[in-house]
Amino acid sequence: MSDKRPDLKDVNERMRGLMARTTHGRDDFEDLVIVPLFAVVVALVFGALIMLATAVDLPTIGRSFVALAVGSVGSLSAWSETLTASIPLVLAGLGLGLGFRAGLFNIGAEGQLLMGGLAAVVAGFTLSGLPWIIHLPVTLLIGALVGALYAAIAGFLKATTGAHEVISTIMLNLISYRLLDWLLRQPFIQREGRSDPISKDVPPSAELPRILDFIDVNLRLHAGIFVMLAAVALVYWMLFRSKIGFAFRASGENPSAANYAGMNAAFVIVLAMGTAGALAGLAGATQVTGVLGRASPGFSAGIGFDAIAVALLGRSHPIGILFAGILFGALEAGGRQMQVDAGVSIDLIGIIQALIIIFIAAPLLVRAIFPWGFRKRGKKAGEA
Amino acid sequence: MTFLNKMTTRTGLAAALLAGTVMTASAFTACQVTDTGGIDDAGFNQTAWKGVQDAMAADDSVEGRFLESQAETDYEANLNSLIEGGCDIIVTVGFLMGDATKAAAEANPDQKFSIVDFAYDPTIDNVLGQVYATEQGAFLAGYLAAGMSETGVVGTFGGINIPPVTAFMDGFYYGVNYYNEQKGTDVSVLGWNPESKEGLFTGNFDSLDDGRAFAENLSQEGADIIMPVAGPVGLGSAQLADEMGTDQLKIIGVDADQTQTDPEKADVYLTSVLKRMDSTVTQVINMAQDGSFEGGLIVGTLENEGVGLAPYGAFEDTVPDELKAEIEAVKAGIIDGSITVGM
């Protein structure tokens, strides 16, 4: 029987293997949860050691970690800051994670975020006069759309010429910085009476409303958090429940198998890049409409790069990315408090973030440091 | 799940360690938010922070805290964390923080604010602006540069095209022109045109590489004296001058006396255009302490020594006495109004 339709059977076999790898079983619990958890702990310990090495005394180190905790989760305003910082990280991280699943290493979230954010600002002030119920969603959608188009350039180049997306997205990032500088000087976009590159303000009807300002006007948490949660749910559904998500994952796991199974590789690449860009653009749009209220050079503030770390830490899983994004938001908010209370440099937070990534990228190292945290290899799952 | 138990033990230990550290309360807390570039930028932010340090040194009850902004997006977040931190006064450093400071001041009318380099019109009741007539100091620097240049070409570049930066460049340009008028010379200025408001800008306040590259370009165009107006970016230019030798390239520092803040390269600085943010910041802290604080504006000029020219440092003997005397005369002229800084 196998000699009748060998190729199809082979493909089926491959597809089953593929399915097994993309749906996580209990065995993956350690890789998905324990490794990131330990990576964070080890990074914090190393952070303390680095502080010791730079002649910071023990009480100050203690105080800085208390400040890190208090500033990130210790009060309502700390939570507000943590979540505010995590919104663009999660959104852009979702896009990158989706790209990773499709086998695309997209470094271009920074540029997509800048372009999407700028488009949202422009849409915000040109369409002013509309009621907010139309104005706000349209503004966000235009941001997402422009982000998608910008990312699709890299996807299109890869699909048609084979240009590697790592190179083309890095180049597109550089182009976006200068393009932004130039666009911000155009009379159509530049704020009246200013000679430096800065855009006009986003009118209130296009702003994401602050949702906690009835408690305290200084709480910055805005409605972008609902956009973020909706995006997590949408990406989860897309990746694991929809046909196109299956095509993304299949192409990522084994492009030739996916191709043999009748998936159009070029289409999948462009679509996956476009979706990733839409999410990055949306991240930029929520940032300008929820936090900044305008665009200025470098308003992305490295979010697009931090989001790569978030996607890796979250293991390209929407729920994982949500938690990873909140963790990075907490590090940012807490790091600020660390500087205020203990006078420890904000750069230390950057070091801790980098260490987390190193340990995530090297699970064997984490296993070696914490042998008692993991079940012995070869034992069956469920024994713990 | 043994690892969980161990983790709990560790957390317990850590908590015990921390219990011993209690924050000491002080009578007056002055907080500062820096602009991008960092607190140790040997110029702008560092000078403003020195004002807080001076206030701390003069009065033990004053405690100072600062927060560095790494990007423009940090301004509002940093202000927010300080508003909760029980600061008696919050000093924001930099023109770009104007919007964020205004928003925070309006949302928190009982909190005292002061901002360096921004003047609000109309004034805000709880914000005291600190601005400086830096064009006056830079005018002197331009005159000096024109007198010292051997190639007949001097240069300048800025960080971002905003008034507090271009004020330096304006003054420098007009100072060179004034020298040309007086002496009938034809020294030209590269990097800035005060009429079209266009010139050379690095686009940031933190890349030392840019400082080096921009200085290199200007030097290739013949400039032998360069004034970088971009905070720590200028340190990159100083590095280049150090390598080329000061007979090829001299640097004019800005904000602080850079022979003091950048001592390793002290030899390359012909002089520095001083912007005495330290003195106005200390002044504002004292006003907040004794209750005389009110919203409005403090302006630093040559006359009240809010701006000025630093000593000539390593070039003390190289700068001709005649030129030194002329600069003193020009300074007096600006103060009494007989010389106007401008076209």
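Visitor: What share of the 384 residues in chain A is buried, and what makes a residue count as buried?
Guide: This is a predicted model, and in it buried residues make up 52% of the 384 residues in chain A. A residue earns that word if 20 or more other C-beta atoms lie within 10 Å of its own.

Visitor: How many helices and strands does chain A have?
Guide: Chain A has 15 helices and zero strands.

Visitor: What makes a set of residues a nonpolar core here?
Guide: The members must be buried residues of nonpolar kinds, joined through C-beta atoms within 7 Å. The largest such core has 115 residues, and those touching the most other members are A:Leu91, A:Ala92, A:Ala272, A:Leu279, A:Leu282 and A:Val310. Helix α11 (residues 265–292) of chain A gives the most to this core, with 16 residues.

Visitor: Which residues is A:Leu279 in contact with, beyond its neighbours within four places in sequence?
Guide: A:Leu279 is in contact with A:Leu91, A:Ala92, A:Leu94, A:Gly95 and A:Ala231. Each of these pairs counts as a contact because the two C-beta atoms lie within 7 Å.

Visitor: What is found in the second, separate core?
Guide: That core has 102 residues, including B:Phe44, B:Ala48, B:Trp49 and B:Ala288.

Visitor: How do you know that the span of helix α7 of chain A is close to the expected one?
Guide: Helix α7 (residues 165–183) has 19 residues, and its first and last C-alpha atoms are 25 Å apart. At 1.5 Å a residue, 27 Å is expected, so the span is close to that value.

Visitor: Why are the buried residues of α7(A) said to be on the same side?
Guide: The buried residues are A:Glu165, A:Ser168, A:Thr169, A:Leu172, A:Asn173, A:Ser176, A:Leu180 and A:Leu183. They cover an arc of only 150° around the axis, and therefore they sit on the same side of α7(A). Among the elements covering these buried residues are α5 (109–126) and α6 (132–161) of chain A.

Visitor: Which exposed residues are on the face turned away from the buried side of α7(A)?
Guide: That face carries A:Leu174, A:Arg178 and A:Trp182. They are called exposed because each has 12 or fewer other C-beta atoms within 10 Å of its own.

Visitor: How many residues does each chain bring to the contact between A and B?
Guide: Chain A brings 27 residues and chain B brings 27 residues. On the side of chain A, α3 (58–73), α4 (76–101) and α13 (318–342) each supply at least two residues. The largest share there, five residues, comes from α3(A). By class, this side of chain A has 11 nonpolar, 10 polar and six charged residues.

Conventions. Residues numbered from 1 in each chain as written. Chains lettered and ligands numbered in written order. Predicted model: local features only at pLDDT ≥ 70, side-chain atom pairs only at ≥ 80, totals over all residues. Helix = DSSP H or I, 4+ residues; strand = E, 2+ residues; numbered from the N terminus. Nonpolar A, V, L, I, M, F, W, Y, C, P; charged D, E, K, R; others polar. Arc of directions from axis to C-beta.
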